[in-house]
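Visitor: Could you take me through one part of this protein slowly, as you would for a colleague at the bench? I would like to see a single helix and the neighbours that surround the helix.

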Amino acid sequence: MEWNEFINNEREKPYFKDLMEFVDDEYSKNLCFPPYELIFNAFSLTSPNDLKVVILGQDPYHEINQAHGLAFSVLCEKIPPSLKNIYKEMESDLNIKLNQDGNLEYLAKQGVLLLNTVLTVREKEANSHSKKGWEIFTDNVIKYINTLDKPIVFILWGKPSILKTKYLNNPNHLIITSNHPSPLSAYRGFFGSKPFSKCNDFLESKGITPINWANTQ
């Protein structure tokens, strides 16, 4: 089942209709992120057939010209602190030097689903769209991915993401958890967790092409 079919099935459910009524109202009255047309961007760039890795964040960045529908990814020159820490751990873990431009589309195109537990947010108000229905939607996304009969790595950062482990019981999959890369928690278990090398080691052990985290050809 492709993501379009999955999302269309969700659209028919009462919770999703209530959710989108809330989202439409918020976008009509407030500045919200990501841009409306990019709310489901993660699903347009990474199909279930190509899926290798799920990186799960919390909610989108809430400043102008940041969020574009991919967890942790931005389209601006100023790199948010959590993404800086992701780059720092990536370089340390893999002993590489990265082009830190903020745009993680290159990962999405390799089969990394960059998903937040909540897909929208009001400007400068973190978690302002939480507990409105997005958590149900992303729970259902995780439940669906759990049914896929192929090796998939779940990289879960922070409590809201780690809570999703209750939906993961597929023995084909690998679950990697740690504290969130936010400056508030990165030094309490994110740094040194080596999620990127663990991910690639697992994929290679299954005969799957590893992720090119360095964005090199």
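Guide: Happily; here is a close look at helix H6 and the elements packed around H6. This is a predicted model, in which local features need pLDDT of at least 70 and side-chain atom pairs count only at pLDDT 80 or more, while totals for chains, interfaces and linings use all residues. Residues are numbered from 1 along each chain as its sequence is written, and side-chain values use heavy atoms, with hydrogens and water left out.

Let us begin with the helix itself. H6 has 13 residues and spans 18 Å from its first C-alpha to its last. That is close to the expected 18 Å, where the expected span is 1.5 Å times one less than the number of residues. Helices (H or I, at least four residues) and strands (E, at least two) are DSSP runs, numbered from the N terminus.

Now for its surroundings. H6 is largely enclosed by the rest of the structure, because 10 of its 13 residues are buried. Here buried means under 20% relative accessible area, exposed over 50%, and partly exposed in between (1.4 Å probe, protein chains only). The buried residues are Trp134, Phe137, Thr138, Asp139, Asn140, Val141, Ile142, Tyr144, Ile145 and Asn146. They pack against three helices, H1 (3-11), H2 and H3 (41-45), and against the strands E2 (53-57), E3 (112-116) and E5 (153-157). Contact, throughout, means heavy atoms within 4.5 Å.

Two of those helix neighbours deserve a slower look. Take H2 (residues 14-29): its axis comes within 9 Å of that of H6 (residues 134-146), and the two cross at roughly 130°. Axes are lines fitted to C-alpha atoms, for helices over the stretch in contact, and angles run from 0 to 180 degrees between N-to-C directions. The pair is therefore oblique; angles under 35 degrees count as roughly parallel, over 145 as roughly antiparallel, 65 to 115 as roughly perpendicular and the rest as oblique. H2 passes H6 in a left-handed crossing, a term used when the near helix is turned anticlockwise from the far one by less than a right angle, with clockwise giving right-handed. From H2, the contact uses Tyr15, Phe16, Leu19, Met20 and Val23, and from H6 it uses Trp134, Ile136, Phe137 and Asn140. Those residues divide into eight nonpolar, one polar and no charged. For this count Ala, Val, Leu, Ile, Met, Phe, Trp, Tyr, Cys and Pro are nonpolar, Asp, Glu, Lys and Arg are charged, and the others, Gly among them, are polar.

Next comes H1. The axes of H1 and H6 come within 11 Å and cross at roughly 135°, so these helices are oblique to each other too. This crossing is right-handed. On the H1 side, Trp3, Phe6, Ile7 and Glu10 meet Phe137, Asn140, Val141, Tyr144 and Ile145 of H6. The contact residues comprise seven nonpolar, one polar and one charged.

Put the two contacts together and you can see that Phe137 and Asn140 of H6 take part in both, touching H2 as well as H1. As background, an α-helix has 3.6 residues a turn, so residues three or four places apart point the same way.
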